[in-house]
Amino acid sequence: MIKVDVNKCLGCFSCSNVCPSQNITRTETPETRSVHWKKCKEECDLCVEFCPAKALTLVPFDEGSPETTVTYDLMACKICGERYATEPMLKRIESSLPENLQKDSTGLDWIWICPVCRRNIEAERATKQMVLGRTRKSP
Ligand code: SF4
Ligand code: SF4
């Protein structure tokens, strides 16, 4: 069966995505994300292999051990306030990137901004640059 180190888990859902037997289930609300690990009797090892945090280990089946559930509050985007990712996931991304890549070219702290706002900001900048380019070209 699977043993979860809840202190290492990021709440990324990779394990639930790859589990072929629905032994790892997920629940989402607009503010939270939960992962629930049932007592798996299989030993396929897929979830262990795909966990980016090495939070899972295969241990001998134990009828008496409880199932595990972890619930995370989702972090709010610094621009729109929409909740979009767990704090451990964002911190993990932040720590894996060199400091100069954690901000965009204008100094925006992009890890803490949701994908929708990032796309909008980039689209707005691209449009401004295009307009600026045309203005420069015109006589
Ligand atoms: S060992 Fe396999 S079946 Fe069991 S929880 Fe992990 S992925 Fe699912
Ligand atoms: S794959 Fe690992 S880090 Fe991601 S939710 Fe599962 S146990 Fe947690």
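The following exercises, each with a worked solution, concern a predicted model.

**Exercise 1. Describe the sheet: which strands form it, in what order, and which of them are edge strands?**

Step 1. Four strands make up an open sheet, their order is 2-3-5-6, and the pairing is antiparallel. Strand 2 (24–28) and strand 6 (83–86) are the edge strands, since each of them pairs on one side only. Averaged over the sheet and with direction ignored, neighbouring strands are turned by 30° against each other.

Step 2. Taking the pairs in the order of the sheet, strand 2 and strand 3 are joined in the antiparallel sense by five bridges, and the two strands form a hairpin with three residues between them. Within this pairing, Thr27 stands opposite Ser34 of strand 3.

Step 3. Strand 3 (residues 32–37) also pairs with strand 5 (residues 68–76), again in the antiparallel sense, over six bridges. Two positions fix the register: His36 has Thr69 of strand 5 as its bridge partner, and Trp37 stands opposite Thr68 of strand 5.

Step 4. Strand 5 and strand 6 run antiparallel and are joined by three bridges, with Ala76 having Arg83 of strand 6 as a bridge partner. The hairpin of these two strands has six residues between them, and in this hairpin Gly81 takes a positive phi near 85°.

**Exercise 2. Determine which helix packs on the sheet and which strands the helix touches.**

Step 1. The helix in question is helix 3 (residues 87–96), which packs on the sheet and touches strand 3, strand 5 and strand 6.

Step 2. As to orientation, the direction of helix 3 makes about 70° with that of strand 6.

**Exercise 3. Work out which residues of the largest nonpolar core touch the most other members, and which elements give two or more residues to this core.**

Step 1. The largest nonpolar core has 17 residues, and those that touch the most other members are Ile2, Cys15, Ile24, Val35, Trp37, Cys47 and Leu56. Strand 1 (2–4), strand 3 and strand 5 are the elements that give two or more residues to this core.

Step 2. Leu56 can be followed in detail: when residues up to four places away in sequence are not counted, Leu56 touches Ile2, Lys3, Val4, Cys15, Trp37, Cys47, Val48 and Cys51.

Step 3. A second, separate core has nine residues, among them Cys77, Tyr84, Ala85 and Leu90.

Step 4. Returning to strand 3, one finds that this strand is mostly covered, with five of its six residues buried.

**Exercise 4. For ligand 1 and then ligand 2, list the residues around the ligand and divide each shell into nonpolar, polar and charged residues.**

Step 1. Around ligand 1 one finds Ile2, Cys19, Pro20, Ser21, Asn23, Ile24, Cys40, Glu42, Cys44, Asp45, Leu46 and Cys47. This shell divides into eight nonpolar, two polar and two charged residues.

Step 2. Around ligand 2 the residues are Cys9, Leu10, Gly11, Cys12, Phe13, Ser14, Cys15, Trp37, Cys51, Pro52, Ala53 and Leu56. Here the division is ten nonpolar, two polar and no charged residues.

Step 3. The shells can then be set beside the core of Exercise 3: Ile2, Ile24 and Cys47 belong to the shell of ligand 1, Cys15, Trp37 and Leu56 belong to that of ligand 2, and these six are among the core residues that touch the most other members.

**Exercise 5. Decide whether Met1, Ser65 and Glu63 are buried or exposed, and place each of them along the chain.**

Step 1. Met1 is found in the segment before strand 1, and because its relative accessible area is 7%, under the 20% cut-off, Met1 is buried. Its contacts, leaving aside neighbours within four places in sequence, are Lys39, Cys40, Thr57, Leu58, Val59, Pro60, Phe61, Asp62 and Ser65.

Step 2. Ser65 lies in the loop between strand 4 (56–58) and strand 5, and its relative accessible area of 16% is likewise under 20%, so Ser65 is buried. With the neighbours within four places again left aside, Ser65 is in contact with Met1 and Lys39.

Step 3. Glu63 is also found in the loop between strand 4 and strand 5, but its relative accessible area is 56%, over the 50% cut-off, and therefore Glu63 is exposed.

Step 4. Two C-alpha separations complete the placement: Met1 and Leu74, 73 residues apart along the chain, are separated by 28 Å, while Glu63 and Phe13, 50 residues apart along the chain, are separated by 25 Å.

Notes:
Residues numbered from 1 in each chain as written. Chains lettered and ligands numbered in written order. Predicted model: local features only at pLDDT ≥ 70, side-chain atom pairs only at ≥ 80, totals over all residues. Heavy atoms only, no water. Near = heavy atom within 4 Å. Nonpolar A, V, L, I, M, F, W, Y, C, P; charged D, E, K, R; others polar. Pairing = 2+ DSSP bridges. Axes fitted to C-alpha atoms, helices over the stretch in contact; angles between N-to-C directions. Contact = heavy atoms within 4.5 Å. Core = buried A, V, L, I, M, F, W, Y, C linked by side-chain atoms within 4.5 Å. Buried < 20%, exposed > 50% of the residue type's maximum accessible area, 1.4 Å probe, protein only.
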